[in-house]
Amino acid sequence: MDFGSLPSDLWLGLSACFTIKWVTILGIQVPIFINIFWCLMGALIGTAIGVLPGVGPVATMALLLPITYFLTPEGALIMLAGIYYGAQYGGSTTAILINVPGEASSVVTALDGHAMAKLGRAGPALAMAALGSFFAGTVATCLIVLAAPPLTKLAQQFAPADYFSLMVLGLVLAIVMASGSLLKAFGMIFLGMLLGLVGTDVNTGNTRFTFGIGDLFDGIGFVIVAMGMFGIAEIISNLANVTRRDLVSSKVSGLWPTREDFRRSVAPIFRGTVLGSLLGVLPGGGAVLASFASYSVEKKLSDTPEKFGQGMIEGVAGPESANNAAAQTSFIPMLTLGIPSNAVMAMMIGGMMIHGIVPGPQVMEQKPALFWGMIVSMWLGNMMLLVLNLPLIGIWVKMLLVPYRLLAVAIMFFCCVGVYSLNNLHTEIYFMALFGVLGFVFIRLGCEPAPLLLGFLLGPLMEVYMRRAMLLSRGDPLVFLQRPLSLAFLAIAALLLLFVILPNVRKARETAFQE
Amino acid sequence: MRIKSGQDFATGLLLAAVGIAAFWIGADYPMGTAQRPGTGVLPRILAWCLIGTGGLLLVKSVYSTGSPVGSWSWRPLLAVTLGTVVFGSMIDNYGLVASMIVAMTICALGTAETRWFEFAVFTLIMIVASWAMFIWLLGMPIKAWPTSLVPFIEQMLR
């Protein structure tokens, strides 16, 4: 492997981040590092979102997708990425301070983090969470830099059949790693793929499932489905079960951890980083699984496992590092192969498509500034969060005072304007409302919407690769088993499915998710 | 025969119904040849997959216990959906401000928690902020005011 071009690549990324744009403010020309600005905005918006329970990063990214249309591709993706890792920071802040995990990935942080806050040690818990996250983010960014070029090289040798099988593997992995019923996850993926087929078939020019509606001939927009399923549906569901939040505003004093805290946190941070980096790469994995896994590892390795839940700093440092590492490394399959591993990455791909960039291994070659700029921006964003997050804690806690009844109204409005701004078509707002109702039905039926979104994105792509593979093999379907890479992907997918269906493994998986 | 898991049963029914509908609608899509798979190949495969998954869920719902379907909470469901649809039907003709007021009010009716004075202040702030952001800063081609009503109003004043 050749890493000789790394320094120049990173330099390219750095200069892309520090692009200067002259902006006229009050008649004066002011230079602004425009991409750094969007990175900061993304990170701040993300943190704010992370703080608010009931508003997830996926919904926010869906809301902001139409706005990124007004930015450069670099600025758009840098901001969207910032929202994601910003949300990880924000989620842990409220988990520690008021025992309200803003994000699913900080549920375990609340256990020991809030216990520490009750003991008057909120400061060290917050600081250690931020430091651990920063360390994990740095390591994970380095991993992306190291892993991306060879993976991209590998991906460039893929034949259509290999791609098809890789997507099958990706979807199977997403099912295996998802919590909840396997059958339902399968159903959601098939349903998503079917929705993805709506519109004109690019190969033959025939229309499918359009019901003669002209606005459907171009297919259903990704933003419409995403906003309906993650924006509108979540508002309905959250309004249906309003939970009272009691603000236990504990004073944050003595921010800096003691030497003893550092000594106890170093190993958990390292372990969490490794665990998170590995789990983040797997499709369907990501931050939530990583934080849960790290917590149970720390508990198992501890000399005093019975003290977990009473304010052990290991239980904060480990999971927080793990979820941030996983948040970063989940970019690897998206950037190198163009395959989204979870709903957040699906949003990133949506952001690319809005700007006419086809996700895949060619992005690194054709848009090096975009590719490396985004990677460098992640590290810069993490650093900004580390510096900004602790002084801003007061503001974040104040934000919790905004009642959900107002937030819900605002989110509904932003969804409407966002969808309308894409094409100025009011019919698309109707479609979004339809997907909102559908999303709510799925929530009530206990079905996860994320696999549907993955199927929606991957379905049409799989059809394209399937057709190419069949054309190249002159109609021989065995091509999927004859190419070694393709065979390997399919074999792994089949093995995974077999494992999950076996009853004893299924029980273990269920208990793992219950923990 | 008793249904032990309402969620599984309803999901199975939904998936199977969509599968059968997709099969029926896609029945006349051309299948093409093996070398050049046509428009109908993937729809038909997916239709079978959906019917299969739905069927398995239906069978499972009879044998293994699971959660029942939750309550439908009609009030937020109707209010939020209606608010969205009304916004869509108003935005072209009546502009941003009027659409916002009507749609947000309908949405606010969705929860018993709404305090109307607080809501009014919030709506005002939202209108100013979104005008500044979407029309002034981003320059979206959205009307602010219901200008299409001006001729009517002039007629009435005359």
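Me: At 1.5 Å a residue, what should the 19 residues of H19(A) span, and how far apart are its end C-alpha atoms?

Reply: Good place to start, and keep in mind that this is a predicted model. With 1.5 Å a residue, the expected span for the 19 residues of H19(A) is 27 Å, and the end C-alpha atoms lie 28 Å apart, which agrees. Just past H19(A), Gly446(A) adopts a positive phi of about 75°.

Me: How many residues does each chain bring to the contact between A and B?

Reply: A general idea to begin with: interface size is often quoted as the accessible area lost when the parts come together. Here we can count residues instead: 52 come from chain A and 58 from chain B. On the side of chain A that touches chain B, several helices supply at least two residues each, including H8 (182-197), H9 (222-240) and H19 (426-444). The top contributor on that side is H18(A), with 11 residues. By residue class, that side has 35 nonpolar, 9 polar and 8 charged.

Me: How do the axes of H10 and H12 of chain A cross?

Reply: The axes of H10 (residues 259-281) and H12 (residues 314-329) of chain A come within 7 Å and cross at roughly 30°. An angle under 35 degrees counts as roughly parallel, so H10(A) is roughly parallel to H12(A). The crossing is right-handed, and the contact residues divide into 11 nonpolar, 12 polar and 3 charged.

Me: Is Ser15(A) buried, exposed or partly exposed?

Reply: Count neighbours: 20 or more would make a residue buried, 12 or fewer exposed. Ser15(A), in helix H1 (residues 6-17) of chain A, has 13 other C-beta atoms within 10 Å, so Ser15(A) is partly exposed.

Note on methods: Residues are numbered from 1 along each chain as its sequence is written. Chains are lettered from A and ligands numbered from 1 in the order in which they are written. This is a predicted model: local features need pLDDT of at least 70, side-chain atom pairs count only at pLDDT 80 or more; totals for chains, interfaces and linings use all residues. Two residues are in contact if their C-beta atoms, placed from the backbone, lie within 7 Å. Helices (H or I, at least four residues) and strands (E, at least two) are DSSP runs, numbered from the N terminus. Ala, Val, Leu, Ile, Met, Phe, Trp, Tyr, Cys and Pro count as nonpolar, Asp, Glu, Lys and Arg as charged, and the others, Gly among them, as polar. The expected span of a helix is 1.5 Å times one less than its number of residues. Axes are lines fitted to C-alpha atoms, for helices over the stretch in contact, and angles run from 0 to 180 degrees between N-to-C directions. Angles under 35 degrees count as roughly parallel, over 145 as roughly antiparallel, 65 to 115 as roughly perpendicular and the rest as oblique. A crossing is left-handed if the near helix is turned anticlockwise from the far one by less than a right angle, and right-handed if clockwise.
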